Amino acid sequence: MSASIDWAALQQHAKTASLQAYAPYSRFPVGVAILAASGQIYTGCNVENASYGGTTCAERNAIAAAIVAGERQFSALVVYTPQEKLTPPCGI
C-alpha cells in the first residue's frame, strides 16, 4: 500500500498548509496533509489562541476537514514544520 502513496506530494501539501498557520504565540507553524482512502488529500494548519486550551492543532483541523467532506478512512498523514528536526504529531 505505501508504494502507491506519493509522499513528496503529501509533504508539499503539508508545507503549503503550514504557510496559513496562525501561530503568533509559539511562532511554530505546522501544516498537515492527510490522504483519505478515497485518494483525496485534506490539509490543516495550527490555529493558536491566547487561551491555550482554545488552540487547535493542524492534525485536528485536517481530520475535521476530511470528516466534514464525508471521509472516514485514511491511508497516510504527513506533519510539516519548518525545521530539520523531526516533529511528532501533537498527540491529542
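**Fold and nonpolar cores of the predicted model**

In this predicted model, residues 24 or more positions apart account for 57% of the contacts with a separation of 6 or more, a contact being heavy atoms within 4.5 Å. Residues are numbered from 1 along each chain as its sequence is written, and side-chain values use heavy atoms, with hydrogens and water left out. Because the model is predicted, local features need pLDDT of at least 70 and side-chain atom pairs count only at pLDDT 80 or more, while totals for chains, interfaces and linings use all residues.

Let us begin with the overall layout. The protein has two helices and three strands, arranged α-β-β-α-β from the N terminus on; helices (H or I, at least four residues) and strands (E, at least two) are DSSP runs, numbered from the N terminus. The C-alpha trace spans about 40 × 30 × 20 Å along its principal axes. The radius of gyration is 13 Å, which agrees with the value near 12 Å for a compact globule of 92 residues; this radius is taken over C-alpha atoms, and the globule rule is 2.2 Å times the number of residues to the power 0.38. Buried residues make up 32% of the 92 residues, where buried means under 20% relative accessible area with a 1.4 Å probe, protein chains only.

Turning to the interior, the largest nonpolar core has eight residues: Ile-5, Leu-10, Ala-14, Ala-33, Leu-35, Ala-76, Val-78 and Tyr-80. Helix H1 (7-18), strand E1 (31-36) and E3 each give two or more residues to this core, and the largest share, three residues, comes from E3. A second, separate core of five residues includes Val-30, Ile-34, Ala-58 and Ala-62. A nonpolar core here is a set of buried Ala, Val, Leu, Ile, Met, Phe, Trp, Tyr and Cys residues joined through side-chain atoms within 4.5 Å. In soluble globular proteins, nonpolar side chains tend to be buried together.

Two alanines of the largest core merit a closer look. Ala-76 lies in strand E3 (residues 74-80) and is buried, with a relative accessible area of 8%. Beyond its neighbours within four places in sequence, Ala-76 contacts Ile-5, Trp-7, Leu-10, Ala-33, Ile-34 and Leu-35. Ala-76 and Ala-33 are 43 residues apart along the chain, yet their C-alpha atoms are separated by 8.3 Å. For its part, Ala-33 touches residues including Leu-10, His-13, Ala-14, Tyr-42 and Val-78, not counting residues up to four places away in sequence.

Methods:
Buried means under 20% relative accessible area, exposed over 50%, partly exposed in between (1.4 Å probe, protein chains only).
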